[in-house]
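Reader: Before I rely on the labels attached to this model, I should like to see each one set against its criterion. Please take me through them.

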Amino acid sequence: SAALLTSTALLVAGLSACGGGGAAFGGGIGGSGVVFGVIEGLGSIIVDGIEFDTSAAEITINGEPADGSALTRGMVVRIEAEIDENTGTGAAERVGSATLVEGPVWAVDLTTDSATILGDTVVIDADTIFDGVVLDPSAVGRIVEVSGFVDADGRVRATRFAARAAGGDA
């Protein structure tokens with residue numbers, strides 16, 4: 001749908017604005033690199049099993065400057081970092097995240113673990129992080145923000161399904 005295409009274009013533009021791309025990071029013992037993935041844990045942030053210190057990082061969410069405390073489990077992020085492969089840690093220089101789909105839940109289908117948001121099918125699985133909303137009929141009409149990936153069938157595979165707060169941020 002138009003909403004998904006617009007959101008996907010914004011995600012790609014926003015996450016690639018810092019240059020580079022892909023899920024691989026620099027070779028050798030360490031170096032500069034780019035990691036693209038889902039925040040698995042906090043304490044800084046953990047992505048692809050690497051703990052990134054974000055204390056000195058430039059952080060943006062949906063193109064706007066943000067504080068590191070706004071990064072949460074389930075968000076899809078692009079990280080530019082200095083990575084030490086020996087310790088499995090990194091010092092993030094830039095972290096970017098963008099909402100893939102945002103809008104009211106039109107319908108919930110519990111037989112397929114999916115929701116329809118602005119005409120886009122959003123699929124939920126056991127790894128989806130829920131924040132302030134659950135996938136049941138009570139979600140219909142709620143404004144949500146979804147992080148995730150688009151699959152080959154054009155459906156959004158949600159990594160984070162969050163209620164949008166009254167102030168606008170989920």
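Author: The following exchange sets computed values against the definitions behind them.

The model is predicted: local features need pLDDT of at least 70, side-chain atom pairs count only at pLDDT 80 or more, and totals for chains, interfaces and linings use all residues. Residues are numbered from 1 along each chain as its sequence is written, and side-chain values use heavy atoms, with hydrogens and water left out.

Reader: What makes up the secondary structure of the protein?

Author: The protein has one helix and 13 strands. Helices (H or I, at least four residues) and strands (E, at least two) are DSSP runs, numbered from the N terminus.

Reader: Why are F36 and F149 called an edge-to-face aromatic pair?

Author: Rings of Phe, Tyr and Trp (its six-membered ring) pair if their centres lie within 6.5 Å; planes under 30 degrees apart count as stacked, over 60 as edge-to-face and the rest as tilted. The centres of F36 and F149 are 6.0 Å apart and their planes stand at 75 degrees, so the pair is edge-to-face. F36 belongs to strand β1 (residues 30-42) and F149 to strand β12 (residues 143-150), 113 residues apart.

Reader: How do you know that F130 and F161 form an edge-to-face pair?

Author: Their values are 5.8 Å centre to centre and 65 degrees between the planes, so the edge-to-face criterion is met. F130 lies in strand β11 (residues 129-131) and F161 in strand β13 (residues 156-163), so this pair ties together parts 31 residues apart in sequence.

Reader: Why does F161 count as buried, and why does F130 count as partly exposed?

Author: Buried means under 20% relative accessible area, exposed over 50%, and partly exposed in between (1.4 Å probe, protein chains only). F161 has 0% relative accessibility and therefore counts as buried, whereas F130, at 36%, counts as partly exposed. F36, at 28%, is also partly exposed, as is F149 at 32%.

Reader: What makes a set of residues a nonpolar core?

Author: The members must be buried Ala, Val, Leu, Ile, Met, Phe, Trp, Tyr and Cys residues joined through side-chain atoms within 4.5 Å. The largest such core has 17 residues, of which I45, V47, F52, L71, V77, I79 and V95 touch the most other members. Strand β6 (76-84) gives the most to this core, with four residues. A second, separate core of 16 residues includes L100, V105, A115 and I124. In soluble globular proteins, nonpolar side chains tend to be buried together.

Reader: How do you know that β2 and β3 pair?

Author: Two strands pair if DSSP finds at least two bridges between them. Three bridges join β2 to β3, so the criterion is met, and these strands run antiparallel. One of the bridges has V47 and I50 as partners. The two strands form a hairpin with two residues between them, and D48 in the turn has a positive phi of about 55 degrees. Strand β3 also pairs with β7, in the parallel sense, over three bridges; there the bridge partner of E51 is T89.

Reader: Which faces of β3 are covered and uncovered?

Author: I50 and F52 form the covered face, while E51 and D53 form the uncovered one.

Reader: Why is the approach of R164 to E102 called a polar contact?

Author: A polar contact is a pair of N or O atoms within 3.5 Å; within protein, one must be able to donate a hydrogen and the other to accept it, and residues adjacent in sequence count only if both atoms are side-chain atoms. The side chains of R164 and E102 make such a contact at 2.5 Å, so the distance falls within the limit. R164 is found in the segment after β13 and, at 37% relative accessibility, counts as partly exposed.
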